[in-house]
Amino acid sequence: MAFVDWPLERLREYAPERDEPADLDAFWEKTLTAARTHPAQLRAERVDAGLRTVDVFDVRFPGYGGQPIAGWLLVPAGRTEPGPAVVQYIGYGGGRGEPWINLVPSAAGYVHLVVDSRGQGGGGNHRAVTPDVDEGGTGPATPGFLTRGVESPEKHYLRRLITDAVRAVDAVRTHPLVDPTRVAVIGGSQGGGLALAVAGLADDLRGVVADVPFLCHYRRASEITDAHPYAELGRFLAGNREKVDEVFRTLSYFDGVNLGARAGAPAWFSTGLMDSTCPPSTVFAAHHHYAGPKQIEVYPYNGHEGGGQQGIARTLAALATVLRPDGT
């Protein structure tokens, strides 16, 4: 492994102009208004996962188009009063997995919603159960999701995925054991990119943890890395040479650089200087344009694993700062 991007001194100054469509706010207002015609709710069925300290619920909530999105709701055993909640989004290609994979937030005392990723989870340990039901089909795409429906923002896969992510926050706030004023969002890689997007689109979040975030500064990413998944863009454009501007215009509606510029909640970013999957300049671009209070942790000799186990400790400290400021 080696450093994959600019020196840290230059990265700390990298604040490129935003390539932002004029109708970005109108696009998302229309999208979320339509989604919210389906009332927010969590349909929960308790399951026996063999766990003693957490109550596990298999949940569904209405996402894009009212389509049911799966998740796990993990509630500290014995909880009787409303408290803070954490919504977690999963990395690219994964889904909610099994309920015992992500136990740290509930072990820390938070109600924890682990959100499935529609159409993902085809392999590995993080399987998904939510299909991707699009409207009317989409045009050509390479394997993966970055180019699925890339002919227009209305048809792009990320419109549906980000809408699902916002609606997860709406839904968890309806649960009787959740204080709707104390909700934070977390995630790494794709999950971090989704957390940034939600920060710009959902109201009154308490905090955001975006570790090594994906879905940011797509054009530069496609120019400096041939690692999956940004390499999907290069492969698609190699055979669709005339669509370069069209592709990046579509992706600008889903860019954490643009959406984070509309956020207000405190945010914790991280990046690894040896990360070829989500190069550090793409993360710094999102960090610099993020509108709320923010800080970034840099791991010089790490790649896409970022802070690893130490990063979990940092996430817990961040969550305690914003969800339990009085120690309760």
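These legends walk through several views of a predicted protein model.

**Figure 1. The whole protein, with its 11 helices and nine strands.** A good place to begin is the overall build. The radius of gyration is 19 Å, close to the 20 Å that the globule rule gives for 328 residues, so the protein is as compact as a globular protein of that length. Along the principal axes, the C-alpha trace spans about 55 × 45 × 35 Å. Of the 328 residues, 58% count as buried. The accessible surface comes to about 13300 Å², and carbon and sulfur atoms account for 50% of that surface. Sequence distance is worth a look too: among contacts between residues at least 6 apart in sequence, 73% join residues at least 24 apart.

**Figure 2. The largest pocket, with a volume of about 800 Å³.** Which residues lie nearest the centre of this pocket? Look for Gln-88, Asn-102, Gly-187, Gly-188 and Asp-211, which belong to a lining of 30 residues. Several elements each supply at least two lining residues: strand E4 (83-89), helix H3 (104-107), strand E6 (178-188), strand E7 (207-211) and helix H11 (308-323). The largest share, seven residues, comes from H11. By class, the lining divides into 13 nonpolar, 15 polar and two charged residues.

**Figure 3. The second largest pocket, holding about 220 Å³ of space.** Its lining is made of 14 residues, and those nearest the centre are Asp-19, His-217, Tyr-218, Arg-219 and Asp-255. Helix H6 (218-224), helix H8 (244-252) and helix H9 (256-260) are the elements that give two or more residues to this lining. Here the classes come out as five nonpolar, three polar and six charged residues.

**Figure 4. The one cavity of 30 Å³ or more that a search of the whole structure finds.** Rolling a probe the size of a water molecule over the atoms shows where empty space is left. About 40 Å³ of space lies in this cavity. The residues around the space are Tyr-89, Ile-90, Val-115, Asp-116, Ser-117, Leu-161, Asp-164, Ala-165 and Leu-194. Which helix gives the largest share of the lining? The answer is helix H4 (residues 157-172), with three residues. The lining as a whole has six nonpolar, one polar and two charged residues.

**Figure 5. Leu-146 and the residues around it, in a view centred on the loop between strand E5 (111-115) and H4.** Is Leu-146 buried or exposed? With a relative accessible area of 1%, Leu-146 is buried, because buried means under 20%. Leaving aside residues up to four places away in sequence, Leu-146 touches Tyr-92, His-156, Leu-158, Phe-214, Leu-215, Tyr-218, Pro-229, Tyr-230, Glu-232, Leu-233 and Leu-251. One of these partners, Leu-215, sits 69 residues away along the chain, yet the C-alpha atoms of Leu-146 and Leu-215 are separated by 9.0 Å.

**Figure 6. Helix H8 and its buried residues.** The buried residues in H8 are Val-247, Phe-248, Thr-250, Leu-251 and Ser-252. An α-helix has 3.6 residues a turn, so residues three or four places apart point the same way. What covers the buried residues of H8? The cover includes helix H2 (24-35), H4, H6, helix H7 (231-239) and H9. Leu-251 also appears in the previous view, where it is one of the residues that Leu-146 touches.

**Figure 7. Three spots with backbone geometry worth a second look: Pro-229, Ser-189 and Val-212.** Most residues other than glycine have a negative phi, and most peptide bonds are trans. In this model, a cis peptide bond joins His-228 and Pro-229, with omega about 5°. Pro-229 is placed in the loop between H6 and H7, and it is also among the residues touched by Leu-146. Ser-189 is not a glycine, but it has a positive phi of about 60°. You will find Ser-189 in the loop between E6 and helix H5 (190-201), where it counts as buried at 12% relative accessibility. Val-212 likewise has a positive phi, near 35°. Its place is in the loop between E7 and H6, and at 5% relative accessibility Val-212 counts as buried.

Terms used:
Residues are numbered from 1 along each chain as its sequence is written. This is a predicted model: local features need pLDDT of at least 70, side-chain atom pairs count only at pLDDT 80 or more; totals for chains, interfaces and linings use all residues. Side-chain values use heavy atoms; hydrogens and water are left out. On a 1 Å grid over the protein atoms alone, a cavity is a set of points where a 1.4 Å probe fits but cannot get out, and a pocket is an open set with protein on both sides within 12 Å along at least five of seven lines; lining residues have an atom within 4 Å of a point. Grid points are joined across faces, edges and corners, and a volume is the space filled by probe spheres set on the points. Helices (H or I, at least four residues) and strands (E, at least two) are DSSP runs, numbered from the N terminus. Ala, Val, Leu, Ile, Met, Phe, Trp, Tyr, Cys and Pro count as nonpolar, Asp, Glu, Lys and Arg as charged, and the others, Gly among them, as polar. The radius of gyration is taken over C-alpha atoms; the globule rule is 2.2 Å times the number of residues to the power 0.38. Buried means under 20% relative accessible area, exposed over 50%, partly exposed in between (1.4 Å probe, protein chains only). Contact means heavy atoms within 4.5 Å. Accessible areas come from the Shrake-Rupley method with a 1.4 Å probe; for residues, only the protein chains shown count as cover.
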